[in-house]
Number of protein chains: 2
Amino acid sequence: MTRRTRGTSAGLDRIRIAAAAVALVDRDGLDRFGVRRLADDLGVDPMSIYHHIKGKAALLDAISEAVIAEMDTGTKEAPHDWEQVARQTAHNYRKMAYRHPRVFPLLATRPQNSPAALAALEHLIAAMRQAGLPDQITADAPMALFGFLNGYLLAVLSGSPDRPAIDATAYPTMAALAPLQADFGSAAEFDRLLDTVLSGIRDRATRQATH
Amino acid sequence: MTRRTRGTSAGLDRIRIAAAAVALVDRDGLDRFGVRRLADDLGVDPMSIYHHIKGKAALLDAISEAVIAEMDTGTKEAPHDWEQVARQTAHNYRKMAYRHPRVFPLLATRPQNSPAALAALEHLIAAMRQAGLPDQITADAPMALFGFLNGYLLAVLSGSPDRPAIDATAYPTMAALAPLQADFGSAAEFDRLLDTVLSGIRDRATRQATH
DNA sequence: CTTCTGAAACCTACGTCGTAGATTTCCCTG
DNA sequence: CAGGGAAATCTACGACGTAGGTTTCAGAAG
């Protein structure tokens, strides 16, 4: 009963494969991910996967696409204030990242061209434009916001669970401020940093408007 | 003449290995990087490398350490205005990233605990503290700045050389603003986004001071 | 001058990986 | 009932990371 006979259907398709791949990365991490292990999880011959997804690189694309698609709930509401849209998007993104910490490096590294990702961007900059923000600042906002989100979440999620203590004599200021960084990775820290980035966008907008 | 006799020195050490590894990643990319190819470049047996660096993971650590160390020129000047320090650090970081675009994902993914990296951080937050910025904002600044730098540079450097055109009917606002994103990856765009982040830090500081 | 010792390098071998190419089986259409 | 395409498996190849053993040499100890 170990293996299927040769021509019978195994019910494989892109969706099922991507879901199993996400589960495998969540469980074992990116290093241990591979076509053969994925085939084992699916109870299938490794080469069967290639009839639906053309190679390992495409598999990684499918993983990031699946994880992004899982995130797009609740963006269909009426257009709010652009800052509310940005905050909501950022928090949804963070939630997704914490659900799949070992998948996240894939998202931060690869360009995101999936419909779900583009729709979220369109929603955000449409709200900014409707609010009357200068076009150049609106055009720059996605890179500023998602640049920060990707870099910050990458640092938080791939940081070692026990952060090394700092040498107080070599780096006195860092040592003095260390207590204020004790909530590393917390929602409170995230809110502070997100506020900083959004403040920057707002500030640049008002400066350019009055100039 | 193909191979060395067995006990003779090949002049290997951690420095030479790391330099060759950086050159190999620069040339062939992270996917093609491996112990055997590195040994070929060095004219050496693969296992010889293990007497100086204990495994592939440690090799990647050595690569990122070498690239960071190459960056620390010019931080020994007198303490300037904190914004000048931040801008200088950011520009140095960007220069390094553009010199080694295929190494950069390594830096953005791994926590940076090398002395060179810590010294740059200490320099930055010392300048902020001396300028009288609130401690919490100073403590948050490194994550805000390097979060942005890592995420943004990752997007710029690993983006495909030909960016896909956007669907004007599905995403009208993005299509309308596309001309303003034409300088993707340029120094001008970088300066605008860096200004945004630094404005956010400054703005938060003044708001907290007057509050 | 001889002997010992440790380091540096190489050689062999094992299990794993991604995937190209050929083969088998099923299902659907004519 | 014939045949063709789709889905799955089987086989095989080259490359990878690295554990364990072997060889050689330089310098210290006697």
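This is a quick talk on how two chains of a predicted model fit together, plus a look at one helix.

Okay, so let's start with the two copies. If you take chain B and lay it on chain A, you get an RMSD of 0.1 Å, using a turn of 180° and a shift of 0.0 Å along the axis. So the two copies are related as by a two-fold rotation axis.

Now, the place where they meet. Chain B puts 47 residues into the contact, and chain A puts in 47 residues. On chain B, the helices that each give at least two residues to the side touching chain A are α5, α6 (115–130), α7 (135–158), α8 (172–177) and α9 (187–210). The largest share there is from α7(B), with 17 residues. What kinds of residues are on that side of chain B? By class, 24 are nonpolar, 15 are polar and eight are charged. And 100% of the interface residues of chain B are also interface residues in chain A, so the copies meet through the same surface.

Next, one helix in chain B: α3, residues 56–69. With 14 residues at 1.5 Å a residue, helix α3 of chain B should span 20 Å, and its end C-alpha atoms are indeed 20 Å apart, so the two agree.

Which residues of α3(B) are buried? They're B:L59, B:I63, B:S64, B:E65 and B:V67. For anyone who wants the helix rule: an α-helix has 3.6 residues a turn, so residues three or four places apart point the same way. As for partners, the buried residues of α3(B) pack against α1 (14–28), α4 (82–99) and α5 (104–109) of chain B.

That's my bit, thanks.

Key: Residues numbered from 1 in each chain as written. Chains lettered and ligands numbered in written order. Predicted model: local features only at pLDDT ≥ 70, side-chain atom pairs only at ≥ 80, totals over all residues. Least-squares fit on C-alpha atoms with pLDDT ≥ 70 in both. Contact = placed C-beta atoms within 7 Å. Helix = DSSP H or I, 4+ residues; strand = E, 2+ residues; numbered from the N terminus. Expected span 1.5 Å × (residues − 1). Buried ≥ 20, exposed ≤ 12 C-beta atoms within 10 Å, placed from the backbone. Nonpolar A, V, L, I, M, F, W, Y, C, P; charged D, E, K, R; others polar.
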